[in-house]
Amino acid sequence: MEVDTAAINTIIDKYGKDKSYLLAMFQDVQRQYRYLPKEAIQYICDRLHIPFSKGYEVATFYASLSLTPRGRHTVHVCLGTACHLRGGPNILDTFERELNIKKGETTENGLFTLESVNCLGACALAPLVRIDGQDYGKTTPGSVKKIINEYGESS
Amino acid sequence: MVEFTINGKKVEAEKDEAILDVAMREGFDIPTLCYHDTLGSDGRCRLCVVEVRKGNRKRIVTSCLYPVENGIEVLTESPDVLLVRKTVLELLLARCPDSEVIRYIAKEHGVSNTRYAKDNDKGKCILCNLCVKTCEFNVGVTALGMSGKGPAKKVTTPYGEPSRVCIGCGACVAICPTGHIYMEDRDGVRMIWNKRFELARCPKCNRYHAPVEQLEFIAGKSGTPIEELLICPDCK
């Protein structure tokens, strides 16, 4: 994959080429590409004079960084205590079935990445689903399809 | 100067020295897998645990990291130490059931089996970090690193692909305490970390002895002409 070195240079310079901001740079790159391309890690490491293996350590350590392309929308199904009791696992199962992917994977058309979280702090709305910051409370297996359709056609 | 006792013997040490360094100097035998005198201590294998008594209190510490203190009593073979060490060995055995080294040390400590679920995907690697450190500090190329975290953590080159900077020197193989890292020399070719290295032939004895890339690396660093490095250590 080709990366836009001009854009990455802008990110690196934004942090004054300071290697202690490596994680922040990775996050910015991830925001742009929705994942961390290998070439981007290599390029940043080269410019900061960090061994590639060290950059790879950082990139693989943090759960918020992804080395594989992620979907345009990230579906977070809450499995915290309250959501768990009110059927969160069923909601996750339904998403897995409807999207035909497992937790942590991305749909083939690149639209959705499915993930679980351990509490979103809105237990009154359990079971809760959050997509790109938008909350869907008191979901049922029946409403899952409707939610998916909201995103399916647009964008 | 710090004074304390190890198994009742009075010993002296410099401030900030670790118990393990003093104990080894004084001839006490403390098992360890992740300690190396050129690379210091990380406290990763946890085999070197000892009991430290201070007044009425006692605790189990990793001797490779614990700095010496005046008046402490160190016990290297107390019942508590042996119990903890056995548990550590059981855990290591569960992670690396195929490691001959761990099986041998475990046997020496009377541990023949483990009560924990055995892993089958870790090879013989105990994540001691010695290969990563020797590659960075002794060789100076930093081709290796840890990837991931928790149960998925492992030693690897980036993406598990042939590393651009690896010189095929095999220092990681030599330092690995359990023999986890795979390296093979055959027909003038060395395979290590999925990378293929042409081996150089010694012009005098015609024997393959080191990867060309390694000799070029040494030549570049030291200024020694490559023709001189091509001659193997035995013919020099």
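In this predicted model, nine residues of domain 1 of chain B are in contact with nine residues of domain 2 of chain B. On the domain 1 side, the touching residues divide into six nonpolar and three polar, with no charged residue. Domain 1 of chain B spans 2-108, and domain 2 spans 130-235. Their centres, taken over C-alpha atoms, are 32 Å apart.

Chain A is also divided into two domains. Domain 1 of chain A covers 5-61 and domain 2 covers 73-153. Here 30 Å separate the centres, again taken over C-alpha atoms.

The two chains touch. From chain B, 12 residues are in contact with nine residues of chain A. The chain B side of this contact holds five nonpolar, five polar and two charged residues.

Now take the helices of chain A. Two packed helices are described by the angle between their axes and the distance between the axes. Helix H1 of chain A (residues 5-14) packs on helix H2 of chain A (residues 22-33) at an angle of about 145°. The axes of H1(A) and H2(A) are 9 Å apart. Their crossing is right-handed. H1(A) contributes A:Ala7, A:Ile8, A:Ile11 and A:Ile12 to the contact. H2(A) contributes A:Met25, A:Asp28, A:Val29 and A:Gln32. By class, this contact of H1(A) with H2(A) has six nonpolar residues, one polar and one charged.

H2(A) also packs on helix H4 of chain A (residues 52-61). The angle between H2(A) and H4(A) is about 65°, and their axes are 11 Å apart. This crossing, too, is right-handed. On H2(A), the contact is made by A:Leu22, A:Leu23 and A:Phe26. On H4(A), it is made by A:Gly55, A:Val58 and A:Ala59. Five of the residues in the contact of H2(A) with H4(A) are nonpolar, one is polar and none is charged.

H4(A) deserves a second look. Is H4(A) mostly covered or mostly open? It is mostly covered, with seven of its 10 residues buried. The buried residues of H4(A) are A:Phe52, A:Ser53, A:Gly55, A:Tyr56, A:Glu57, A:Ala59 and A:Thr60. Two of the names from the helix contact return here: A:Gly55 and A:Ala59 touch H2(A) and are buried. What lies over the buried residues of H4(A)? The cover includes H2 and helix H3 (38-48) of chain A, together with strand E6 (145-147) of chain B.

Next come the sheets. Strands of a sheet pair through backbone hydrogen bonds, either parallel or antiparallel. In chain A, four strands form an open sheet with mixed pairing, in the order E2-E1-E3-E4. Strand E2 (112-117) and strand E4 (134-136) of chain A are the edge strands, each pairing on one side only. Direction ignored, neighbouring strands of this sheet are turned by 20° against each other on average. Inside the sheet, strand E1 (residues 73-78) and strand E3 (residues 129-131) of chain A are antiparallel, joined by three bridges. A:His76 stands opposite A:Arg130 in E3(A). Helix H6 of chain A (residues 88-99) lies across E1, E2 and E3 of chain A. H6(A) runs at about 150° to E1(A).

Chain B has an open sheet of five strands, in the order E2-E1-E5-E3-E4, and its pairing is mixed. Why do strand E2 (9-13) and strand E4 (57-62) of chain B each have one side without a neighbour in the sheet? Both stand at the edges with a single partner strand, so one side of each is left unpaired. The twist from one strand to the next averages 30°.

At one edge, strand E1 of chain B (residues 2-6) is joined to E2(B) by five bridges, and the two run antiparallel. B:Thr5 stands opposite B:Lys10 in E2(B). At the E4(B) edge, E3(B) and E4(B) are antiparallel, with six bridges. B:Lys54 has B:Arg57 as its bridge partner in E4(B). E3(B) and E4(B) form a hairpin with two residues between them. B:Gly55 in this turn has a positive phi of about 60°.

One helix completes the picture of this sheet. Helix H2 of chain B (residues 79-95) lies across strand E3 (49-54), E4 and strand E5 (73-75) of chain B. H2(B) runs at about 150° to E3(B).

Key
Residues are numbered from 1 along each chain as its sequence is written. Chains are lettered from A and ligands numbered from 1 in the order in which they are written. This is a predicted model: local features need pLDDT of at least 70, side-chain atom pairs count only at pLDDT 80 or more; totals for chains, interfaces and linings use all residues. Two residues are in contact if their C-beta atoms, placed from the backbone, lie within 7 Å. Ala, Val, Leu, Ile, Met, Phe, Trp, Tyr, Cys and Pro count as nonpolar, Asp, Glu, Lys and Arg as charged, and the others, Gly among them, as polar. Axes are lines fitted to C-alpha atoms, for helices over the stretch in contact, and angles run from 0 to 180 degrees between N-to-C directions. A crossing is left-handed if the near helix is turned anticlockwise from the far one by less than a right angle, and right-handed if clockwise. Domain bounds come from an automatic or database domain assignment. Two strands pair if DSSP finds at least two bridges between them. A residue is buried if 20 or more other C-beta atoms lie within 10 Å of its own, exposed if 12 or fewer, and partly exposed in between; C-beta atoms are placed from the backbone.
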